[in-house]
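Biologist: I should like to learn how to read a protein model, one feature at a time. May we begin with a single residue and then widen the view?

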Amino acid sequence: LVPWQRDVRALQALWRDCGTAFMEYVLGGMDSIWSDVFTFDGDLDAWIALCPASSQGAEIGCVDGRVRHLAPTPAYLPLACRDDRDVAPELADLTEVTTIDMSGVFARSNLDVNLVAEHLLELPKLLDLNLSRNKLTGELDRGCDGCASRPRVRTLHLDNNDLTGVDLSGWGVADLEELYLGNNRLSGPLP
């Protein structure tokens, strides 16, 4: 697959791992880009027409067919993932994405934070990640191979979840400027 096709596959993997028949019914009745993305099987020109350049408020933004911005609205993409497996490992293929705002998208699940975050925090160009309001559980403690050798996330939102701990030492967070952890079940000092 060429890079833009891997981006499409990564977005479709969200549906594969977290979609439900009820959500398919709901999406069918909405004016949402997601039903088109999840069923997409076209060429690059068709993908570029579906995924325009990033703009304020857009759920998906692309440049030359590559996803740069991902911000699904929970009402249009209420994912219900299984809590015992990684969430769409193909998300690691979104190598050009700089901003991901998935706040509230996983709120129907009680996922271990590592199952969601591990593929996203390794994205080489990611600068801003918002995973707030998702009922994420556990302690963010898995590291990232090679994270220290490249620019990393500047803003990380993990607030309004059910986290019990956060250990960012393995994530290469030297560039981190803003960290939001409020309204979790954290105790003690941060490492």
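Modeller: Certainly. Ser109 is found in the loop between E3 and H5. Please keep in mind throughout that this is a predicted model.

Biologist: Is Ser109 buried or exposed?

Modeller: The general idea is to compare the relative accessible area with a cut-off: under 20% a residue counts as buried. Ser109 has a relative accessibility of 3%, so it counts as buried.

Biologist: Which residues does Ser109 touch, not counting residues up to four places away in sequence?

Modeller: Ser109 touches Leu79, Ala80, Cys81, Asn134 and Lys135. One may also look at C-alpha separations: those of Ser109 and Cys18 are 9.1 Å apart, although their positions lie 91 residues apart along the chain.

Biologist: How should contacts of this kind be read for the whole chain?

Modeller: One asks what share of them links residues far along the sequence. Among contacts in the protein chain with a separation of 6 or more, 71% are between residues 24 or more positions apart.

Biologist: How many helices and strands does the protein chain have?

Modeller: There are 5 helices and 8 strands. Read from the N terminus, their order is α-α-α-α-β-β-β-α-β-β-β-β-β.

Biologist: What portion of the residues counts as buried, and how much surface does the chain expose?

Modeller: Of the 191 residues, 46% count as buried. The exposed surface is about 9,100 Å², and carbon and sulfur atoms supply 48% of it.

Biologist: How does one read the interior?

Modeller: The general idea is that nonpolar side chains tend to be buried together in soluble globular proteins. Here the largest nonpolar core has 51 residues, and Trp47, Ile60 and Phe106 have the most contacts inside it. Several elements each supply at least two residues of this core, among them helix H3 (33-38), helix H4 (44-50), strand E1 (60-63) and strand E7 (162-166). The largest share, 8 residues, comes from H1.

Biologist: Which residues does Trp47 touch, leaving out residues up to four places away in sequence?

Modeller: Trp47 touches Trp4, Val8, Leu11, Val37, Phe40, Cys62, Gly65 and Val67. Two of these names return when one examines the rings: Trp4, Phe40 and Trp47 form one aromatic cluster. The count of aromatic pairs comes to 4.

Biologist: Can a charged residue be examined in the same way? Is Glu96 buried or exposed?

Modeller: Glu96 has a relative accessible area of 17%, so it is buried. Its place is the loop between E2 and strand E3 (99-101). Leaving aside neighbours within four places in sequence, Glu96 is in contact with Arg66, Val67, Arg68 and Lys125.

Biologist: What should one look for in the backbone angles?

Modeller: The general idea is that most residues other than glycine have a negative phi. Asp64 is not a glycine, yet has a positive phi of about 55°. Asn183, also not a glycine, has a positive phi of about 60°.

Biologist: Where are Asp64 and Asn183 placed?

Modeller: Asp64 is in the loop between E1 and E2, and Asn183 is in the segment after strand E8 (178-180).

Biologist: Are Asp64 and Asn183 buried or exposed?

Modeller: The cut-off for exposed is over 50% relative accessible area. Asp64 has 67%, so it is exposed. Asn183 has 60%, so it is exposed too.

Conventions. Residues numbered from 1 in each chain as written. Predicted model: local features only at pLDDT ≥ 70, side-chain atom pairs only at ≥ 80, totals over all residues. Heavy atoms only, no water. Helix = DSSP H or I, 4+ residues; strand = E, 2+ residues; numbered from the N terminus. Buried < 20%, exposed > 50% of the residue type's maximum accessible area, 1.4 Å probe, protein only. Contact = heavy atoms within 4.5 Å. Areas by Shrake-Rupley, 256 points an atom, 1.4 Å probe, with all protein chains shown as cover. Core = buried A, V, L, I, M, F, W, Y, C linked by side-chain atoms within 4.5 Å. Phe/Tyr/Trp six-rings, centres within 6.5 Å; stacked < 30°, edge-to-face > 60°.
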